[in-house]
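Good morning, colleagues. Today I would like to present two features of one protein structure. Please look at the sequence and the structure on the screen.

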Amino acid sequence: MKDFLRKLELPAFIRDSRLTASVIIILVLSLLGGIIGMIMNPLFGLALVLIFILTVVFAIYGTYVLAGNANNYAINLSYRIKRSEQEAMIKMPLGILLYDDEHKVQWVNPYLQLYLKDDDVIGHTIESVDPNLDKLLNAAVKAKTAENRIVQWDGHKFEMVVQDDLGVIYLLDITKYAKIEEKYKAERLAIGQIFIDNYDELSETMHYQDLASMSSYIQNTLSDYAKKFKAYLKRIDEDHFLILMHMHELSKMEKDKFSVLDKIRQETSRSNMPLTLSIGIAFGSDSLTEVANQAQSNLDLALGRGGDQVVLRQPGKDARFYGGKSNPMEKRTRVRARMVSQAISELFKDADQVFVVGHQRPDMDSVGSGIGVVKIARLHGVKAHFVLDTIKTNYDVGRLVVRMQEKHDNDIFIDPKDALDATTDKSVLVMVDHSKYSITYSKDLYDRLKNRIIVIDHHRRGEEFPENPMLTYVEPYASSACELVTEMIEYQQPAGGKRVLTDLEATAMLAGIVVDTKKFSLRTGTRTFDAASYLRSIGADSAVVSSLLKEDIDSFLERTHLVATLKMVKPHMAVICGPDDQVIDPIITAQAADTALDLENVGASFAITRRNQDTIGISARSMGKINVQIIMEKLGGGGHLSNAATQIKGITVDEARKKLLAAIDEYENENE
């Protein structure tokens, strides 16, 4: 009976309440029809009852037939799906490997087995089967992420997913698509601009035949170099070229370290026609306009750093530098100095006031050049000040401030807080002797006037540079910022025969030149002596310069003790290390590095001292043959070929020394 009732039970898929209600209503109506028919006519009613019974029987039978067919279809479909899943796991181009807690292989599908050769891997550890695969697995597990990872394994590239909780590795071979991507990247276009440094200056003094010969030599040399790397070269004008190349050829140029720089420098020097190249190359953007603009920006950066180098950078990324081995050539014409002098005068006339700021812990060059800019602004009736806390200064600057107070000429200086309060939207900020935000004397003032900045500097331009300066005068050939400002003052014409500088102000600027040239022994050119001569002619006193720059006894003793730690780490390279538990003044550190250059067989010196509890400073000096700027840039700093520095946070003096030695080794390897 129970079996019969179980057979009468409706299948699950048709046990729907709405369907059941509809069937019951139809049956009830059919039954009522039979009863009514019996009342009206017994025979007719009996016929209706029989029809009703037959309908119910056939309906039940049809329902069970339908249910059986549906179940068979579902079972068949389920089997096909499971079979397809099994076939997919076995045959689809996706490697699957199951492993246990001990990283032993439990199962591997045939597709992945192809990469594992014909070895029997079941039961063996993944490390014994393939050590590289085990390293990839451990790296993925350590990362604690289920995200896809692109890995290199067995000469192929795979997209790898690891589910460590389930003990499963999925490996999808994407080698073909990776090659397509690599081909796309390799064939992307890079745009470069090549500029011949000092071409105008040399062409003015050369015979036209020599000039034609030199121009032809440069054209042929660059054409041969471009042909070697399958690049397109086009001469735009006498000193400017455009070069186009694919990325894979640019990579070869990088490995070659742009040897064309050295070739042209050496060959033209032998012919007594010293020329160098500056090159800016950009890549990596889908917009050719953006790449071209970046190439121009890179060329400007190369020129701002003194030329004779290549700057590579893609938009939004850090720059890479090559070359920069020679000292910047002194420009023998003063056209740019005159143009800048006129331009800065016009900018000052449109400003309500001018604030001049030097670098942190300003030296005489920073203060002297700042005073010169202040006097240029005041010459045009513009309110101007040099931003300086006169209480916290170095000994030489402190002596200058005292002398200016005695002369009642100390209104030139303004405290940083007062300057910030007095600033308006029409004010102008002039950065002298530096161009980096990280070392500027007043960062708050920089932030307030970051869209109204003028830069006057003699250091090589770095990546950290104001975005949109109103005027830039960066000349690495110059000995000092005071030299640049002095030349600008020479082109100012005060009305009524007024003097631009007082005797003491001229003396301060001369002191700046003396400090940065180490008493005219380093980084001097003919224009350096011209500037010094002009300052002397308008009242600068060399005796007062000596008095301002006199060193106090304590500083002398501290510098002497520092120099006593000198050790030769390479032929012609000396390193000085101060105690790790003592903070030493940066000026004393720089003076120690300068003093080391006076010793025999020392071509470059590096002084390492603690600046504060968290910062180590390195001052680097060179006689010119060793480019200390490149070495310092490797440690995050910069400067000149012969005068550079850097600061490193969170390390000890000994750790800084190890980093310095590694940078020196890298520099020597690059210049072998």
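I shall speak about aromatic rings and then about a cavity.

Please bear in mind that this is a predicted model. A search of the whole structure finds nine aromatic pairs. One of them joins Tyr-111 and Tyr-115, whose rings meet edge-to-face, at 5.6 Å centre to centre and with 65 degrees between the planes. Both tyrosines belong to helix H4, which covers residues 110-115. They are four residues apart there, about one turn of the helix.

Are these two tyrosines buried or exposed? Tyr-111 has a relative accessibility of 17% and therefore counts as buried, the limit being under 20%. Tyr-115, at 13%, is buried as well.

A further pair is formed by Trp-153 and Phe-158: their ring centres lie 5.4 Å apart and their planes stand at 50 degrees, so this pair is tilted. Trp-153 and Phe-158 are also both buried. Ring pairs link Tyr-111, Tyr-115, Trp-153 and Phe-158 into a cluster.

I now turn to the cavity. The structure holds one cavity of 30 Å³ or more, and the largest cavity has a volume of about 60 Å³. Which residues line the largest cavity? They are Ile-194, Leu-222, Tyr-225, Ile-243, Met-253, Phe-258, Val-260, Ile-279 and Ile-281. Helix H9 (208-228) and strand S9 (276-282) each contribute at least two residues to this lining. In chemical terms, the lining of the largest cavity comprises nine nonpolar residues, with no polar and no charged ones.

Thank you for your attention.

Methods. Residues numbered from 1 in each chain as written. Predicted model: local features only at pLDDT ≥ 70, side-chain atom pairs only at ≥ 80, totals over all residues. Heavy atoms only, no water. Phe/Tyr/Trp six-rings, centres within 6.5 Å; stacked < 30°, edge-to-face > 60°. Buried < 20%, exposed > 50% of the residue type's maximum accessible area, 1.4 Å probe, protein only. 1 Å grid on protein atoms, 1.4 Å probe; cavity = no way out; pocket = protein on both sides within 12 Å on 5 of 7 lines; lining within 4 Å. Points joined across faces, edges and corners; volume = space filled by probe spheres on them. Nonpolar A, V, L, I, M, F, W, Y, C, P; charged D, E, K, R; others polar.
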